[in-house]
Amino acid sequence: MVKHQPLQVYERQLCLSCITGLYGCRWKRYQRSHDDTTKWELLWSIILLFTFCLLLVWFYFWWEAHNDYNEFNWFLYNCSGEWSDGTVPILATTAAGFTYIAFLMVLALCHVALGQQLNLHWLHKIGVTAALLTTTVGVISVNQTWGQEWDVIPISLQATGPFLHIGALAAVTALSWIVAGQVARAEKTMFQVVVVLLYLSVLLGLYLVPLYITSPCIMDPTTLKQRPDVIGHQGAPMLAPENTLWSFQRALQMNVTGFEADVAISVDGVPFLMHDHTLRRTTDIEKVFPDRQMQDASFFNWTDLQQLNAGQWFLKEDPFWTVHTLSPREKHLIANQSVCSLEQLLKLASYHNSTVVFRLRRPPPTHPCHHSWINDTLQAVQQSGVPQNLVMWTPDEHRAQVRQLAPGLIQTSVEKQSPQSLQQYGISRLLLRYNQASTEEIRNFSQSNINLTLYTINEPWLYSVLWCSGVSSVSSEASHILKKVPYPIWLMRPDEYCLMWVSVDLISFAVVVGIFIFQKYRMSGMRSYNPEQIMLSAAVRRSSRDLNVMKEKLIFSEVGNGVGGADELFPDEGYDYYTNQGISQ
């Protein structure tokens, strides 16, 4: 008589195998463990968490720094001498690194939720270390070379803070499922108390964060000031070559109220528009004057400057990735642009009744106009016929003399000073970078009748924040984008915001309490069971080598946990059996 007594069959746990396999390369059942995570692996879990937080801040920084990508690329150009979009590799590596570390964090949380021992694979440890070191080097490099850009984080939080708070609260509320499971599963009271107190402290902190969130967009809409004027910085450099006539004409099509330009003076005393100290980036000087590529732009005479093409580089380099949006006619106009003089710009502004603000660069000491640069510029302003009340004069040198010769010019400062100091020197306008004036300072300048212009504003969120702050005008390279912002992106009354965050806090608290109660009830109805413990019901008269190996792999880990050894699990009852079949005596 033949009787069958099969081994116990376990259902395949593909999801669990994938989680443990991807995280620690533990694909087999006997490789997994419910033991406590070792101190070494806990240390790596902390390193992983720190790397995730650091990459999160780094990723957010570069996301919000989009407003100043052109400034960053110009800085790289000054260092290397070659124009390229340096933000592309940074964004690519940051996105890849953040995705990888975030994936490991999700797997680690799944391990905790399932009660699995954390055991990060050595390849992942190398990856985490590489991500941590690379990000740290990046943070240090930015801090040393572009430190002022860190201000974009607190400024951007004025626009994103209320919504990031809701997202963070949702994430921590979701984590309550894992925390409640760990507390209900734990046997040590001290561990339960510590975990609960730590989690509740984080949760309470998030509940109270809105008390410290400040945003000018949380205001009474009836007190919102008029839309800030937009000044075309170098014209419309995203749509046409910077500081060319076509660039300023394109800016006029985007409803700008004024122009901002950089002015140098040629060797024969003609003020012309040029941002760089050399002509390599924005002209074809390597073809026309190959021996003078590195020469300062101010050492060229106006006749030589007119021979240069100032538009073909734009079509070739495509600095803002916008060339594909241009029509054939626009490309033809761009390809035939030349260096623009200050007088040409002023005539264009006079015709359209637009204001002009320019930064005047003093020629080098060996330049013929080193001492007459102010007079040469004033002469160009007077010859253009532009009304003086349309010109914002920024140089501080000989300001008193300029006021006597041209009293109608709008005296403008590019250095931050108190309203009282500005009024004392007869200065009515202030031109600053957007991170140099807080919301309170903007309102103080407005109350003192000082017109404040902030540069360079390219993103709608930044434009909206400054609009709510009460700034009078902004200088922008993206006038075509700001044209599409007829109203702040979001505006909320203080009482509405208070109602919103209190409601979100109450909902979160109710969900957390419900999850803790459910997990407690769920765990209390489950007996402790280790899926790694496999009971074999068939034994052989004398153990084979293969079965001993199987016992060691499947049972040995249980001996240390209080479960009986192999003899206890496989009692010898004096009968003859085969593994899967037996022959009756």
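This briefing covers one long-span helix check, one helix pair and one strand residue in the structure above. The model is predicted: local features need pLDDT of at least 70, side-chain atom pairs count only at pLDDT 80 or more, and totals for chains, interfaces and linings use all residues. Residues are numbered from 1 along each chain as its sequence is written, and side-chain values use heavy atoms, without hydrogens and water.

**Helix α5**
- Helix α5 covers residues 122–145 (helices are DSSP runs of H or I, at least four residues; strands are runs of E, at least two; both are numbered from the N terminus).
- Its 24 residues should span 34 Å at 1.5 Å a residue, and the end C-alpha atoms are 35 Å apart, so the two agree (the expected span is 1.5 Å times one less than the number of residues).
- The buried residues of α5 include H124, K125, V128, L132 and V142 (buried means under 20% relative accessible area, with a 1.4 Å probe and protein chains only).
- Among the elements covering them are α1 (14–24), α2 (39–64) and α4 (87–114).

**Helices α8 and α13**
- Helix α8 (residues 245–253) packs on helix α13 (residues 342–352) at about 20°, with axes 10 Å apart (axes are lines fitted to C-alpha atoms over the stretch in contact, and angles run from 0 to 180 degrees between N-to-C directions).
- The pair therefore counts as roughly parallel (under 35 degrees).
- L245, F248, Q249 and L252 of α8 meet Q344, L345, L348 and H352 of α13 (contact means heavy atoms within 4.5 Å).

**T355**
- T355 lies in strand β5 (residues 355–360).
- T355 counts as buried because its relative accessibility is 19%.
- T355 touches T257, G258, F259 and L390, leaving out residues up to four places away in sequence.

Conventions
Buried means under 20% relative accessible area, exposed over 50%, partly exposed in between (1.4 Å probe, protein chains only). Angles under 35 degrees count as roughly parallel, over 145 as roughly antiparallel, 65 to 115 as roughly perpendicular and the rest as oblique.
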